[in-house]
Amino acid sequence: LVVQSALNSLGPETIAASAAAFTIEINLYCVQNAIGQGVTTFVSQNHGAGNIPRCFHVGRVGMLLEMLVVTPLAALVILFGRDILRLFNPEEAVVAIGFLRILCIVLPTWVSCGMEIISGVLRGFGHSMPPAMASLVCICGVRLLWVWGVFPSWRSFECLMAVFPLSWIVTLAVLAWIYVKFRREFLREHGARRPL
């Protein structure tokens with residue numbers, strides 16, 4: 001709501017462009033999320049079966065799958081982004097702003113993929129609270145600080161869009177730290193052999 005409110009303050013062209021770009025980019029996120037949910041399912045099944053090395057292997061395969069599937073889709077979105085945006089609004093100013101949003105969201109999509117997979121693995125092990133709290137605190141915290149602290153000094157669409165990859169990078173760093181710590185403790189506690 002805070003980010004949308006800041007977006008709304010930039011005028012009707014920005015609102016229209018952002019809404020159209022969001023409609024396009026959310027489809028890419030659905031694919032990322034589906035793979036992340038699949039990772040959760042496979043990790044939980046293997047965890048229940050006691051096949052711990054495969055749990056960690058599923059995480060690596062999920063990350064590879066994210067890259068193999070999402071990268072070409074992201075390339076298509078960037079390649080045809082302007083044309084797709086014109087279906088929503090033919091005004092060139094709106095298309096330019098919308099395409100800028102697509103670039104800001106889709107180019108760093110690998111960061112979002114990492115967040116999905118790490119969260120999926122942790123949830124598969126039954127640890128859903130750490131990734132949920134990391135996402136809540138980091139994504140919301142960084143975005144609030146940015147909109148209230150940085151954006152008022154540089155009131156531009158580019159400045160506002162920078163908060164998305166920035167909040168993802170911070171969240172991915174925290175999730176990676178949680179994952180490494182969890183894996184080390186889990187393997188030590190359960191005496192499982194090192195993951196493949």
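How far apart are the end C-alpha atoms of H5, and what should its 16 residues span? At 1.5 Å a residue, H5 should span 22 Å, and its end C-alpha atoms do lie 22 Å apart, so the two values agree. Keep in mind that everything shown in these views comes from a predicted model.

**View 1. The whole chain, an all-α pattern.** Start with the overview: the chain has 8 helices and 0 strands. Reading along the sequence gives α-α-α-α-α-α-α-α. The C-alpha atoms fill a box of roughly 60 × 35 × 20 Å along the principal axes. Of the 196 residues, 44% are buried. As for confidence, the mean pLDDT of the chain is 92, with 97% of its residues at 70 or more. Among the elements, helix H4 (residues 92–106) has the highest mean pLDDT, 95, while helix H1 (residues 2–8) has the lowest, 87.

**View 2. Helix H5 and the glycine that follows.** Now go back to the helix from the opening question. Buried residues account for 14 of the 16 in H5, so this helix is largely enclosed by the rest of the structure. Look just past the end of H5 and you'll find Gly126, which takes a positive phi of about 90°.

**View 3. Helix H2 and its bend.** H2 covers residues 12–48, which makes 37 residues. At 1.5 Å a residue they should span 54 Å, and the end C-alpha atoms are 52 Å apart, so here too expectation and model agree. Still, H2 does bend, by about 25° at Thr23. Just after H2 comes Gly50, with a positive phi of about 80°.

**View 4. An edge-to-face pair between H3 and H8.** The count of aromatic pairs comes to 6. One of them is Phe56 with Tyr179, an edge-to-face arrangement with 6.4 Å from centre to centre and 70° between the planes. This pair links distant parts of the chain: Phe56 belongs to helix H3 (residues 52–88) and Tyr179 to helix H8 (residues 163–190), 123 residues apart. Both Phe56 and Tyr179 are buried.

**View 5. The aromatic cluster, with a look at Phe186.** Step back from that pair and you see one aromatic cluster, formed by Phe56, Phe125, Tyr179, Phe182 and Phe186. Phe186 is found in helix H8. Is Phe186 buried or exposed? Its relative accessibility is 7%, so Phe186 counts as buried; the cut-off for that label is under 20%. Phe186 and Ile52 are 134 residues apart in sequence, yet their C-alpha atoms are 9.7 Å apart in space.

**View 6. The largest nonpolar core.** This core has 42 residues, and Phe125 and Leu160 touch the most other members. Which elements give two or more residues to the core? They are H1, H2, H3, H4, helix H5 (109–124), helix H6 (129–150), helix H7 (157–161) and H8. H8 supplies the largest share, 10 residues. Phe125 also turns up in the aromatic cluster of View 5.

**View 7. A charge over a ring.** For the last close-up, zoom in on Arg101 and Phe164. The charged end of Arg101 sits over the ring of Phe164, 5.4 Å from the ring's centre.

Terms used:
Residues numbered from 1 in each chain as written. Predicted model: local features only at pLDDT ≥ 70, side-chain atom pairs only at ≥ 80, totals over all residues. Heavy atoms only, no water. Helix = DSSP H or I, 4+ residues; strand = E, 2+ residues; numbered from the N terminus. Expected span 1.5 Å × (residues − 1). Bend = angle between axes of the 7 residues up to and from the residue. Phe/Tyr/Trp six-rings, centres within 6.5 Å; stacked < 30°, edge-to-face > 60°. Buried < 20%, exposed > 50% of the residue type's maximum accessible area, 1.4 Å probe, protein only. Lys NZ or Arg CZ within 6 Å of the ring centre and 35° of its normal. pLDDT = per-residue confidence, 0-100. Core = buried A, V, L, I, M, F, W, Y, C linked by side-chain atoms within 4.5 Å.
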